[in-house]
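Got your viewer open? Let's take a short walk, one selection at a time.

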Amino acid sequence: MGRKMMDENRILQGFHPSGTDNRIYRQQPLIDCLYEKCNREHKKAFMDTAHKIFCFIVVPGSVFSWLTKGFSYLIVCCYCTLGAFPVGSVIKYVGYMERMTESIQTLLGIFGSFQENEKFLADYLNFFDIENDMYQGSLAVEKRSDKQFEISFRNVSLRYQGSSDFALKNISLNLRSGERVAVVGMNGSGKTTFVKLLCRLYDPTEGEIIMNDFNIRKYDYRQYLNLFSVVFQDYNLLAVPLGNNISCDASWDKEKAEGLLEEVGFGKRYREMPKGLETPIYRNFDTDGVEISGGEAQKIALARALYRDTPFIILDEPTAALDPIAEAEIYAKFDEIAGDKTTIYISHRLSSCRLCDRILVFHEGRIVQSGTHRELLADDTGKYYEMWHAQAQYYA
């Protein structure tokens with residue numbers, strides 16, 4: 001009992017992802033209200049199903065059971081009276097009949113369980129049956145060892161479904177193979193939307209995106225996605241062993257995974273893990289799991305992106321949860337780690353832009369400036385100059 005109470009307290013104190021918000025903002029009344037509403041709906045569905053099962057399966061099954069038992073006793077006794085078998089065999093034959101009856105009842109019970117669970121599974125099954133209406137393409141992506149993939153945006157605009165405003169408007173640019181590109185701008189300026197279009201998580205409302213002379217819609221969808229490794233702002237690690245989180249597979253290359261963890265600055269923490277890559281992340285399913293900080297999780301996400309070894313690496317706020325020293329170390333190493341891959345950084349920390357070949361400045365869904373750090377800083381009327389000095393004044 002003590003162990004159970006301790007585990008419950010640990011969950012309430014924040015080991016559960018929503019536990020901290022729940023306690024700080026006193027959300028329990030809201031959760032209780034939502035739970036009660038959900039419970040009422042499920043209870044009604046359960047009662048409707050239970051009523052049907054009782055009327056059409058339980059009652060007929062019970063009646064069938066009693067009638068079968070009575071009939072089996074009658075038949076066995078009649079045959080015994082006629083001398084077909086000795087009195088001592090009555091119990092044996094009655095037992096056979098009862099086992100057959102029980103088997104039939106069990107079968108009816110299974111059908112009843114199917115009926116009971118069907119209502120609760122229907123929503124999930126309907127969700128999985130939703131067809132993806134995005135055109136999947138059929139053109140094979142060329143396998144190039146030199147990673148020479150050039151992508152061009154041609155007057156690309158995107159308006160999210162249900163919105164009257166464009167999230168991006170008339171974006172035109174070329175991404176050269178092996179280039180280091182920084183994407184900066186105010187919140188809501190379209191930076192992440194640009195990345196989602198690049199990865200073809202959405203198709204443009206207007207314009208087209210070309211890769212090596214072909215519209216990306218023509219490429220096999222799965223093969224095209226395999227060109228990208230992305231660390232999104234809302235990345236997610238699973239409550240599985242560390243090795244699985246890095247490889248995103250049932251197995252992993254130990255030497256490669258350990259080398260990448262060292263390169264992204266997770267080496268010291270990793271060496272403290274007694275099970276190494278077998279160490280479970282979080283305690284959702286394993287009490288021996290390891291809780292990690294936001295910065296540590298971000299380093300694992302970076303290692304996962306590098307492990308995939310794709311031609312494009314996209315980092316959306318890759319160091320937002322890191323301290324300044326860890327951030328400086330990663331940026332100092334990352335150019336070497338990325339090698340000949342095309343790398344796109346999205347960051348609000350403009351110091352990282354100095355390492356890039358080109359900076360794209362987004363504002364209100366458009367690219368308002370493009371150039372190197374030195375070129376953009378020389379324009380004292382530009383948006384980049386404004387953002388740079390807004391940050392720099394606090395470090396002066």
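Here is a tour of a sheet and two helices.

Before you click, know that this is a predicted model, where local features need pLDDT of at least 70, side-chain atom pairs count only at pLDDT 80 or more, and totals for chains, interfaces and linings use all residues. Residues are numbered from 1 along each chain as its sequence is written, and side-chain values use heavy atoms, with hydrogens and water left out.

**Stop 1: the sheet.** Helices (H or I, at least four residues) and strands (E, at least two) are DSSP runs, numbered from the N terminus. Follow the six strands of an open, mixed sheet in the order S6-S7-S8-S3-S9-S10; strands pair if DSSP finds at least two bridges between them. Strand S6 (228–231) and S10 are the edges, each with a single partner strand, so one side of each has no neighbour in the sheet. Now zoom in on S3 and S9, which run parallel and are joined by five bridges. Val183 sits opposite Leu360 in S9.

**Stop 2: helix H13.** Select residues 383–392 and pick out the buried ones (under 20% relative accessible area, 1.4 Å probe, protein chains only): Lys383, Tyr384, Met387 and Trp388. Look down the axis of H13: these fall within an arc of 130° (directions from the helix axis to the C-beta atoms), so they line one face. They pack against S3, S9, S10 and helix H12 (373–377), with contact meaning heavy atoms within 4.5 Å.

**Stop 3: helix H8.** Move to residues 254–263, where Ala257, Leu260 and Leu261 are buried. Their arc is 100°, so they too line one face of the helix. Just after H8, find Gly265, with a positive phi of about 90°.

How values were computed: Buried < 20%, exposed > 50% of the residue type's maximum accessible area, 1.4 Å probe, protein only.
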